[in-house]
Every structure is written in structure tokens, then in C-alpha cells.
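Here are my notes on the model you sent. They run from the whole chain down to single residues.

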Amino acid sequence: MAGNPYPQTVPGVDLADVQGNILRGYRMGYVRHLVMRVIDGAAARASLGAMVDGSLPTQVTSASPWKKDEDKTPDDCLNVGITFTGLRALGVPESSLAGFPAEFRAGMAARAPRLGDVGESAPERWDTRLAETDSVHLIFTVHGKTADDVDRASAPVRDAKGFWFIEQFDGAPLPDGTVHFGYRDGIAQPRFIGVHDPDQFPDRQPLVPLGAALLGHPTPFPGLRWRVPDPPALGHNGAFNAFRVLAQDVAGFERYLQNVEKEHPDLPRELVAAKLCGRWRNGVPLLHRAFDPPDPPAKDDRSLDDFDYDDDPTGATCPLGAHIRRANPRSSTIVQRGMNHTRQIVRRGMPYGPPYDPDQPDVPRGLLGNFICASLAAQFEAVQGDWLNLGLHDPRLSGSNDPLTGANGAETSRFEMHDKDSGPIVLRELPNFVITRGGAYTFLPSLTALRWIAARPGD
């Protein structure tokens, strides 16, 4: 395992049975999410089977490791998520559907108040067809090394029998691996026991049990395993995903930084941007460089996660309300004792829209996000609702929302930071920089489960 962050085998799990986007990132530059509706259950099941058994040109990608040689890696990858209504449309029996958790059965739109999807982000204001919740049955995700690879691989999926194409969302990388706000992305991810070599990923955080992402395995909660829907062939080795289309107001963000700099001339805008996030825009954490802009790190610098907030208990260096600190408090003291490492989520995201151009501020741009976990309620919703939007893990944050991604308003828009030459500075009137434009809760079945669904009897 030394020298290879992805081993050939993992104790207790068959990697060939797990969808590949759960435990690892593909590191491919382009992605397309195809939103589909089932219009013929028998034909749709047959198409799913063809995506697993090799009779369709594009095949569902498992977590089986690839050879390291560049010419041995695939040009494209396919994964599939199925909504609760999609499982029903595919003929999964009611006795099995009843075993899925309540939040998944309800769907993302119904959980909007819990997620902070209110105001501009409310489902009734979603401007994508994901708002047609009863019609959203499957989301196929195609990754490719090039845009042409995505076009080629997605064509047979879009044309698969039994499905009606609804909408697609395309993502492509920005320069230097950043998001539209200019921050280097894709740094912090959970590392799984038996999957990742800790020597390859220097990080003070403990490795996470597989049950943080996969059903049927030990979870970060001592003695607890999440319920696996019956039969085991359907639920085991599956995961849940929160797919989100998140518009980013880059012009508003840059304008806000400029206004803060005018009001506080001693606060450089790049320092404010770093404080809001918890990292400098080039990815260096504030715990590594507190006040002065650091040099850009090496592209493969894995030390960017080697820090902990117990070195900064008052938030003098990294504010308590900084985005990455709220989303992952690491080992710092929180009200919900023992929960620090239980809510880790696998994040897969890709920007959509062109790079920010001040002359074209209103062109749609944002992030296509996938937030993968074994429990939507205990992981994704708890982070999104309790930590990002309520600050319940620290009484000093209660009543304020995340400065970058939170549902900010007059009552919740408050952010406290420190400058090296002054006491606390409180920023107010933060607008909503991120607006939800659509989303869906999906289940990522194992390959065994996809075969089980494909083999169901007729409607």
C-alpha cells in the first residue's frame, strides 16, 4: 500500500461492487450530469443492466483501482444516482422502499427549511427543472478527460431506452483548480480506513471508517451502523448523495470585499477573503500563515490539510465562523462533544459557467456539487443546517450563518475576525453569495444493487 493512496483491496469491501465516485476522485477535467425520468420501467431496467453487464458502450465505473500508466486509465467514467421516486418508477417494491430513511424519501425540496434553502434559494424559485421533483428519477454523471470524451460517453446514456431526458448540467475546470470565488478547491476530503495510506496524506485528523460513506459498514458513531434497506443486495455498499446546483455571485463577493476595505482601510481585501474562508485563495490555511499573503503552494502540496484548530481556540488566527472551520471543526472543542469527526462528507464538485469577467457579471456561473455520505440527516443536513446555518456547535456562533455559503439576512449576517494589530472586528450585512438553483437527494446503489434492480420482474 505504501506509495499508492488507492490499494488493490480493502478489508471488508469489494471495490468492484462500489461506485467509483464514492471513495475516490477521478481527477478528470469535465463532467456532465444528465437528469432523466423513467417512462418505461421494463426498458429502463434493461438499460441499467446494460450499463453494468457490458452491452452498452458506456459502463458504470466501480472503485476497482486503475493501473498507474496514463494509457491504462479510462477516458471517461459513469455513475448513477436514483431518487426515491426513481426507485419506485423502476419497480423497487414498497417493502424495500420503506427501509430508506425519511429524509431521502421526502427529497431535497421538502427538506429546504432544514438546509437553509429559503428566500432566493427556496425550491419554488429554483430556475432549473430539478424543481419538477416528481419527474426527477435518475441523475447520470459522466466524467471525461476532455469535453469530447464527455460528449461521446454521455450520448448512449442520454439515448438509453426507457428514459426521458429532462436536463443536463455541464461542468469544466477553472484555471489553477479554483472555484469562481478564486479559492483553490478540492483540498480537504475524508480519508478512509483501509482505503487511504496516511503516509500519503499528512493530516492530523483520524482516518474515517468506511461507514461514513457506505451502508453496511462501521460508522464514525461508536457501535452504530446505519440501517441497510432490504434486501441487502439493494442497500449494502450503497451511499446517499445530495446533488446541488449552486449559483455563485462573484461580482457581489468582490464588491463586498471592496466595501470592507473602504470601511476598514487597514484590512486588505485578500486578508478578509482568507478570514471568511479559513484559507487564503491559493489554498494555504490561515493556521499556516495568519495575516500576510503566502506564496502559492506546490500543485501537489499535501501539507495543506496538516493543521488543527486546537492550536487556535479563540479564533484569533482562523475565525470561529470561517467557512471551513464551521464545515469541519476538526479537533476543536464544540458543544456537540464527540461529533467533530462523525459528520465528514465526501465532496465532489466542478464549476459551471465561464471564469468571472467584471464586464459580464451576470453570466450564470457556480458549482455543481455532490455531497456523498451514509446518512443525509446525520451528516449532510447536520453540517448544512446545524453548523453552517445555525452555528450550533459553538455558542459564540449561534445566531449567525456561514459567511460564504449561509442563508444570510439582516438577523444572521454577522462575522467576527481579528487583525494582527487590532482587537475583534465585526463585519455585518453580508449578502447571499451562494444561491441554490436546484438539487436532489439520490441513492448511489452498488453494482450488485443495479443488477438486482435490472432483474426485477415486469411492471
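1. Surface. The protein exposes about 19000 Å², and carbon and sulfur atoms supply 51% of that area. The model is a predicted one, and every value below is computed from it. Of the 459 residues, 56% count as buried.

2. Overall form. There are 13 helices and 10 strands in the protein. The radius of gyration is 22 Å, close to the 23 Å that the globule rule gives for 459 residues, so the protein is as compact as a globular protein of that length. Along the principal axes, the C-alpha atoms fill a box of roughly 70 × 45 × 45 Å.

3. Contacts along the sequence. Taking the contacts in the protein with a separation of 6 or more, 71% are accounted for by residues 24 or more positions apart. One pair to look at is Val118 and Ala407, which are 289 residues apart in sequence but 7.2 Å apart in space, C-alpha to C-alpha.

4. Val118. This residue sits in the loop between α6 (112-115) and β3 (138-144). Leaving aside residues up to four places away in sequence, Val118 touches Pro113 and Ala407. Its relative accessibility is 44%, so Val118 counts as partly exposed.

5. Charges. The protein has 48 positive and 58 negative charges. How far apart are the mean positions of the two sets? The separation is 4 Å.

6. Asn21. Helix α1 covers residues 20-23 and holds Asn21. Is Asn21 buried or exposed? At 9% relative accessibility, Asn21 is buried, because the cut-off for that class is under 20%. With residues up to four places away in sequence set aside, Asn21 touches Tyr26, Asn79, Arg348, Ile372 and Leu444.

7. Positive phi at Arg27. Phi of Arg27 is near 60°, a positive value in a residue other than glycine. Arg27 belongs to the loop between α1 and β1 (30-38). With a relative accessible area of 74%, Arg27 is exposed, since exposed means over 50%.

8. Positive phi at Asp176. Asp176, also a residue other than glycine, has a positive phi near 65°. Its place is in the loop between β4 and α8. Asp176 counts as exposed, at 72% relative accessibility.

9. Cis peptide. Which two residues are joined by a cis peptide bond? They are Asp230 and Pro231, with omega at about -5°. Pro231 lies in the loop between β4 (163-171) and α8 (232-235). Asp176 is placed in the loop between β4 and α8 as well, so please check both residues when you go through that loop.

10. Cysteines. A disulfide here requires a pair of cysteine sulfur atoms within 2.5 Å. How many disulfides does that rule give? The count is zero. Two cysteines may be noted separately for their accessibility. Cys77 counts as buried, at 0% relative accessibility. Cys373 is buried too, with a relative accessible area of 0%.

11. Points to look at again. For backbone geometry, please view the cis peptide bond between Asp230 and Pro231, then the positive phi of Arg27 and that of Asp176. For contacts distant in sequence, please view Val118 with Ala407. For a buried helix residue, Asn21 in α1 is a suitable place to start, at 9% relative accessibility.

Conventions. Residues numbered from 1 in each chain as written. Predicted model: local features only at pLDDT ≥ 70, side-chain atom pairs only at ≥ 80, totals over all residues. Heavy atoms only, no water. Buried < 20%, exposed > 50% of the residue type's maximum accessible area, 1.4 Å probe, protein only. Helix = DSSP H or I, 4+ residues; strand = E, 2+ residues; numbered from the N terminus. Contact = heavy atoms within 4.5 Å. Rg over C-alpha atoms; globule rule 2.2 N^0.38 Å. Areas by Shrake-Rupley, 256 points an atom, 1.4 Å probe, with all protein chains shown as cover. Lys, Arg positive; Asp, Glu negative; His and termini not counted. Charge placed at Lys NZ, Arg CZ, Asp CG, Glu CD.
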